[in-house]
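Biologist: I should be grateful for a close look at one part of this molecule, its interior. Please describe how the packing there is arranged and what space is left within it.

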Amino acid sequence: MESYRKSWNKQQTEFRRILLSTDQHDKAIALFFSQHAMLHSAQIALSEPWSFEDAVFNDMAEWQIRRIPQNCDHSVAWLIWHLARIEDVAMNILVAGSPQILDGNNWLERMKISVRNTGNAMDEAGVAKLSARINIEALRSYRLAVGRRTREIVRQLQPEDLKQKVDPSRLQQVMDEGAVVEAAQGLIDYWGRRNIAGLLLMPATRHNFIHLNEALRIKHRRQ
């Protein structure tokens with residue numbers, strides 16, 4: 001596990017270095033696919049030796065996935081949902097200008113929740129309610145669908161696309177669709193300062209890695 005995480009961090013450094021290099025675009029995209037695959041279920045790509053998501057879920061009972069340990073803010077279930085929502089919103093609305101995966105295939109009904117936003121600024125009661133209610137199998141399927149769509153989007157990106165700033169009208173669309181609540185306006189401000197390359201780093205790779213590390217810590221908490 002630790003050797004894979006160290007390797008991932010090393011790749012991220014290289015990915016960041018070459019991401020905006022026009023003559024290394026193909027290498028950068030290949031690095032993205034490798035990094036991204038390791039952060040999702042192994043079902044997303046059969047070419048990688050390790051899946052961080054699968055490593056988190058392996059040997060976890062459902063009650064462990066749902067629990068919020070003492071002195072922790074989240075459950076593993078909540079974190080996986082948050083990661084899926086952030087990637088869905090950022091990659092589909094902000095990068096591709098396409099509908100969210102959430103809005104197709106009855107995902108909210110299948111996950112047995114009604115919350116549309118990313119969870120930023122969600123209070124303790126909201127985190128606890130979602131953790132207890134969400135259908136874990138459907139949640140993992142939703143995240144897999146989001147990840148697969150991300151890879152379709154990134155395959156179509158050209159070197160010049162990566163330098164483009166996020167379109168302000170798409171930021172407004174995020175708010176209009178209720179994907180980010182007003183209390184989390186800072187997230188919109190952050191995205192508004194990014195270019196498309198920045199979104200491939202945060203959230204599509206680094207954000208996933210950070211919160212999967214959090215999920216791993218929660219998994220090993222005894223209380």
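Modeller: In what follows, Ala, Val, Leu, Ile, Met, Phe, Trp, Tyr, Cys and Pro count as nonpolar, Asp, Glu, Lys and Arg as charged, and the others, Gly among them, as polar. The model is a predicted one. Its count of cavities of 30 Å³ or more comes to 1, and the largest cavity holds about 30 Å³ of space. The lining of this cavity is formed by L19, L20, S21, T22, H25, P159 and L162; these residues divide into 4 nonpolar, 3 polar and no charged.

The packed interior comes next. The largest nonpolar core has 37 residues, of which F52, V56, V76, M111, I134 and Y142 touch the most other members. At least two residues of this core come from each of α3 (52–57), α5, α6 (107–111), α7, α8 (136–155) and α12 (206–219), and α5 gives the most, with 8 residues. Leaving aside residues up to four places away in sequence, V76 touches V56, F57, M60, I65, R67, A215 and I218. Separate from this core is a second one of 35 residues, which includes V154, I196, L199 and L200.

Helix α7 (residues 124–133) shows the arrangement on a single element. Its buried residues are V127, L130 and S131. Seen down the axis of α7, these buried residues fall within an arc of 100 degrees, and therefore they line one face of the helix. They pack against α4 (62–66) and α5 (76–96). On the face of α7 turned away from its buried side lie the exposed residues A125, K129, A132 and R133.

Technical notes:
Residues are numbered from 1 along each chain as its sequence is written. This is a predicted model: local features need pLDDT of at least 70, side-chain atom pairs count only at pLDDT 80 or more; totals for chains, interfaces and linings use all residues. Side-chain values use heavy atoms; hydrogens and water are left out. On a 1 Å grid over the protein atoms alone, a cavity is a set of points where a 1.4 Å probe fits but cannot get out, and a pocket is an open set with protein on both sides within 12 Å along at least five of seven lines; lining residues have an atom within 4 Å of a point. Grid points are joined across faces, edges and corners, and a volume is the space filled by probe spheres set on the points. Buried means under 20% relative accessible area, exposed over 50%, partly exposed in between (1.4 Å probe, protein chains only). Helices (H or I, at least four residues) and strands (E, at least two) are DSSP runs, numbered from the N terminus. The arc is that of the directions from the helix axis to the C-beta atoms. Contact means heavy atoms within 4.5 Å. A nonpolar core is a set of buried Ala, Val, Leu, Ile, Met, Phe, Trp, Tyr and Cys residues joined through side-chain atoms within 4.5 Å.
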